[in-house]
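Biologist: I'm new to this structure and would love a close look at a single part. Could you walk me through one salt bridge, and then show me how the rest fits around that spot?

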Amino acid sequence: VETAVAGVDIEERLESNAGMIAREYTFAGNANEVIVLYVENYEIGSDAPKVLNLYGPTGQQIFEHYDYPEDMDFVETEGTHRVFLLPETGSYRLQFEAEAIAVGGTPTPIDFLLKVRVADYFERLMISAYEEFNEERYEETLSLLALATEQSPSSPASYWGRIFTYAEILFESPDFY
């Protein structure tokens, strides 16, 4: 296991030669920061076996994570996202493990891109709106999406979110059918 101490902004290309990749990172995080973890597999898509664990300042594993909106207009679109709200200020530990897959009985090297960063304000609004939408709290969803539109008027994601939310409200209306 290789260990690195880094800021919250981590970006590293990881290469498996013929077996296992294991990396551990520690970074300082602040309470209520929203952290986006992103892993992309360069060779065969995002379905290669991987483990991504986050541990808090007291060593507890953080299981609670938010869904990353699928239709977000972000740069990272091909891989796996996890979004965590950090519960307290302190030193966090991130473990990444991936295993080379066997193609024709032979382990095949795989390259991964790992990114860890603090979500910006627009992303936080969109992630919160997505969570509210999933809980069927549409008024709250629309309020968050309006703020996201003000924050980034050139991004289509907040407009699409509003369209989907209004459509859901319409489809749930008894007068619709």
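Modeller: Happy to! Let's begin with E24 and R93, whose side chains meet in a salt bridge, with N and O 3.5 Å apart. E24 lies in strand β3 and R93 in strand β7 (residues 90-99), so this pair ties together parts that are 69 residues apart in sequence. The two partners differ in how much cover they have: E24 is buried, at a relative accessible area of 17%, whereas R93 counts as partly exposed at 26%. The cut-off for buried is under 20%, so E24 falls below it.

Please keep in mind that this is a predicted model. The chain averages a pLDDT of 81, and 77% of the residues score at least 70. Among the elements, helix α2 (residues 138-151) has the highest mean pLDDT, 96, and strand β1 (residues 2-5) the lowest, 55. Where pLDDT is low, the predicted coordinates should not be read in detail.

The structure holds four salt bridges, and another of them also involves strand β3. The side chains of R23 and E12 meet at 3.6 Å, N to O. R23 lies in strand β3 (residues 20-29) and E12 in strand β2, so here the tied parts are 11 residues apart in sequence. R23 counts as buried at 14% relative accessibility, while E12 is partly exposed, with a value of 26%.

Strand β2 (residues 10-16) is also the place of E15. This residue is partly exposed, with a relative accessible area of 49%. Leaving aside residues up to four places away in sequence, E15 touches I21, I110 and D111. Its C-alpha is 6.4 Å from that of F112, although E15 and F112 are 97 residues apart in sequence. Links across the sequence show up in the whole chain too: of the contacts with a separation of 6 or more, 74% are between residues 24 or more positions apart.

Now let's step back to the overall layout. The chain has 10 strands and three helices, and along the sequence the strands come before the helices, in the pattern β-β-β-β-β-β-β-β-β-β-α-α-α. Buried residues make up 41% of the 177 residues. The accessible surface comes to about 9900 Å², and carbon and sulfur atoms account for 49% of that.

Among the helices, α1 (residues 121-134) has 14 residues and reaches 20 Å from its first C-alpha to its last, close to the 20 Å expected. Its buried residues are F122, E123, L125, M126, I127, A129 and E132. Their cover includes strands β4 (34-41), β6 (80-85) and β10 (110-118), along with helices α2 and α3. One of those buried residues, E132, forms a salt bridge with R137, the closest N and O atoms being 2.5 Å apart. E132 has a relative accessible area of 18%, and R137 counts as partly exposed at 36%.

We can finish at helix α3 (residues 156-172), where F164 is found. F164 is partly exposed, with a relative accessible area of 43%. Together with W160 and I163, F164 makes a nonpolar surface patch of about 330 Å².

Conventions
Residues are numbered from 1 along each chain as its sequence is written. This is a predicted model: local features need pLDDT of at least 70, side-chain atom pairs count only at pLDDT 80 or more; totals for chains, interfaces and linings use all residues. Side-chain values use heavy atoms; hydrogens and water are left out. Helices (H or I, at least four residues) and strands (E, at least two) are DSSP runs, numbered from the N terminus. Buried means under 20% relative accessible area, exposed over 50%, partly exposed in between (1.4 Å probe, protein chains only). Contact means heavy atoms within 4.5 Å. Accessible areas come from the Shrake-Rupley method with a 1.4 Å probe; for residues, only the protein chains shown count as cover. pLDDT is the predictor's confidence in each residue, from 0 to 100. Patches are made of residues with over 30% relative accessible area and no salt bridge: like charges are joined within 9 Å, nonpolar side chains (Val, Leu, Ile, Met, Phe, Trp, Tyr) within 5 Å. The expected span of a helix is 1.5 Å times one less than its number of residues.
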